[in-house]
Amino acid sequence: MSDEINNKDKTTRREFIHIATTTVGAVGAGCVALPLVTQMNPDASVKALAKVEVDISNIQKGNEVTVMWRGKPIFIRRRTDKEVSTARQVSLKDLKDPQKDEDRVKKGKDEWLVMVGVCTHLGCVPLKQQGEYGGWFCPCHGSHYDISGRIRKGPAPVNMEVPNYEFVSDSKLIIG
Amino acid sequence: MSETNYKPTSAFGKWFDERLPLLTLFNGHLMQYPTPKNLNYWWTFGGILTFCLVTQIITGIVLAMHYTAHADLAFSSVEHIMRDVNYGWLIRYIHANGASMFFLAVYIHIFRALFYGSYKSPREVIWILGILIYILMMAAAFMGYVLPWGQMSFWGATVITNLFSAIPLIGESVTQWLWGGYSVDNPTLTRFFSLHYLIPFLILGLVILHIWALHVPGNNNPVGIDLKKDGSDTVPFHPYIVIKDLFALVIFMIVFAGFVFYAPNVLGHSDNYIQADPLVTPAHIVPEWYLLPFYAILRSVPDKLGGVVLMFGAIFILLALPWLDTSKVRSAVFRPIYKQFFWLLVLDVLVLGYVGAMPAEGIYLLISRVATAYYFIHFIIIMPLLGYMEKTKPVPLSIADPIISSGSGNFAAAKKDKILS
Ligand code: HEM
Ligand code: FES
């Protein structure tokens, strides 16, 4: 009986045991690899530093402060009216990563631009009030950002990131 | 190879060798191993590279006794090595300049192989192992440069790890996994230290395989031909090659010592003596000199993913070289046209290195684009085509041959020789 079956699909008992053992071994190796690989992801203590509070009452129009959040600089710029209108006059057609300035700020707080001050190319910190578009310029490989932090020229693929944040009062901001 | 009639002389040697034939192994591979008798000084860099690896491992282990892998302490612990530790300055300068000397030697070694066709059959596996060693060397040097936690350490690490964010879809999670956080920070430093300690030992393992693979077909040689079976083309490794290698090594060590004692910082960047500051990027980020050609390729493309793909492609294309080169003749000595393209490639890589150190704009950007294009054209177009189109010079039948009869009668004489024998 069993010989008949074996002849049909040509699987011997020994081959079956081989494959079964290898499969169990491979699954086991995968299970062991998982913790060894995931240990490298951000750990609990790193994730715990997820929020910062900033006092913005002293920032004048046309000025900017930089704070640290998750090891990265956050640019908080209180833009002048002229800067806001420059940002809004740009046609979306001229943008590499089209996004309206209105969508990069909170409603009613149009003067406040809050973004991660990290070049989206390879992570340098762009310099303020430099470059060809009156915004930021990244010296590493020459990316130019406008006054809304949108990429205009250079190798960076997308606009500078806007983090999650909210105004808890007129003078206080929470990032994260 | 010829491990034939070897017997240890001492009684203990015999006793031991019968149980573990280490002495026979050393005798066969480091004493009797037959080497072509026409090897020139370009062949001494293998020994020099072994010396460099051992130097890095010894000085590195000593540095690790005094170094602290923590974002708050690393920078001052390196200053502590420089100022307080007995001879710490010497050990660190040997290690830092040793990395540069290591790359200097490996570049000469690689271009030697390119000139004499040493990557061609039957030596493809030697070549591939060599490229893997080279890739690991770059990884080790990159992570080592992060350890002092200066401005260049930090921003170099930021730029290079961000290369992985160019991978579509999973890029961001991969970079966060590499960092162990949301930016380069303490978790990044500690894992880089662990890997920086590990990689040289992986390299050591690959070096052993590299030499094993070499000892199967034996060395290539300046004439690039297979050796006569009767052994008349070879000399034993010891003492002939050992002494020649040692002489070259002494010259190399003089240059090495020149850097360590008289110009220990010329190859480094002064910004790395400023502690890492995640809020301020230095005005001009450059990698160590030995990575500049690849950095130039990265920056020559105005697209993030494209630049990263080309940069890695420039390294990995070397793995395919044995199959891209279609010529039957190994040595450039007998390939008059390839010889010119070879020197053009050397020039091209030097130009890439130069523009890699310059700001990526204007004329430099243009030059880097032309040089990048030429680099790939050399490997993808010129190498395959040249094998078919080039008219090579007559190749002698043995190493002794070009010495005995010279000039153009060479080939005919060699042929006659073959018919007679
Ligand atoms: C393939 C061999 C190796 C290469 C190419 C290499 C390269 C480097 C480089 C470029 C640096 C930065 C030097 C500086 O500017 O200060 C460095 C630092 C360091 N390396 Fe290595 N290394 C190698 C092997 C090792 C080994 C085996 C160890 C043993 C643990 C080690 C331990 C260290 C330590 C502790 C530092 C930090 C101290 C310092 O910055 O001088 N290295 N390495
Ligand atoms: S990191 Fe900003 S341009 Fe490359």
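## Notebook: cysteines, interface, a helix and two residues

I searched the whole structure for disulfides and found one over all chains. I note at the outset that this is a predicted model, and I read each entry below with that in mind.

**Entry 1, the disulfide.** The bond joins Cys124(A) to Cys140(A), with the two sulfur atoms 2.0 Å apart. I then looked up where the partners sit: Cys124(A) lies in the loop between strand S4 (112-116) and strand S5 (127-128) of chain A, while Cys140(A) lies in the loop between strand S6 (134-138) and strand S7 (143-146) of that chain, so that the pair, 16 residues apart, links distant parts of the chain. The torsion about the S-S bond of Cys124(A) and Cys140(A) came out at about -95 degrees, and the disulfide is therefore left-handed. I also checked accessibility, and both Cys124(A) and Cys140(A) are buried.

**Entry 2, two further cysteines.** Is Cys31(A) buried or exposed? Its relative accessibility is 52%, and because the cut-off for exposed is over 50%, I entered Cys31(A) as exposed. For Cys119(A) I noted a relative accessible area of 3%, which is under the 20% limit, so I entered this cysteine as buried.

**Entry 3, chain A against chain B.** I went through the contacts between the two chains and recorded 25 residues of chain A in contact with 26 residues of chain B. The area buried between chain A and chain B is about 2,300 Å², and carbon and sulfur atoms give 64% of it. Which residues of chain A lose the most area to chain B? They are Met40(A), Leu122(A) and His141(A), which together account for 28% of what the chain A side buries.

I next looked up the polar side of this interface. Between chain A and chain B the count of salt bridges is zero, whereas the count of residue pairs in polar contact, with both residues at pLDDT 80 or more, is 10. On the side of chain A that touches chain B, the elements giving two or more residues are helix H3 (44-48), strand S2 (63-69) and strand S3 (72-78). I sorted the residues of that side by type and obtained 13 nonpolar, eight polar and four charged.

**Entry 4, helix H11 of chain B.** How many of the nine residues of helix H11 (residues 292-300) of chain B are buried? I found nine of the nine buried, so this helix is largely enclosed by the rest of the structure. Among its buried residues I listed Leu292(B), Phe294(B), Tyr295(B), Ile297(B) and also Arg299(B). The cover over the buried residues of H11(B) includes helix H5 (88-116), helix H6 (124-146), helix H7 (151-162), helix H12 (304-316), helix H14 (336-357) and helix H15 (362-389) of chain B.

**Entry 5, Val78(B).** I located Val78(B) in helix H4 (residues 74-83) of chain B. Its relative accessibility is 7%, so Val78(B) counts as buried. Leaving aside residues up to four places away in sequence, Val78(B) touches Tyr67(B), Arg92(B) and Pro148(B). I also took a distance to Thr234(B): 156 residues separate it from Val78(B) in sequence, and the C-alpha atoms are 49 Å apart in space.

**Entry 6, Asn58(A).** I located Asn58(A) in the loop between strand S1 (52-55) and S2 of chain A. With 63% relative accessibility, Asn58(A) counts as exposed. Asn58(A) and Ser171(A) are 113 residues apart in sequence, and I found their C-alpha atoms 8.4 Å apart in space.

Technical notes
Residues numbered from 1 in each chain as written. Chains lettered and ligands numbered in written order. Predicted model: local features only at pLDDT ≥ 70, side-chain atom pairs only at ≥ 80, totals over all residues. Heavy atoms only, no water. Disulfide = S-S within 2.5 Å. Buried < 20%, exposed > 50% of the residue type's maximum accessible area, 1.4 Å probe, protein only. Contact = heavy atoms within 4.5 Å. Buried area = accessible area lost by both parts, 1.4 Å probe. Salt bridge = Lys/Arg side-chain N within 4 Å of Asp/Glu carboxyl O. Polar contact = N/O pair within 3.5 Å; in protein donor to acceptor, adjacent residues only side chain to side chain. Nonpolar A, V, L, I, M, F, W, Y, C, P; charged D, E, K, R; others polar.
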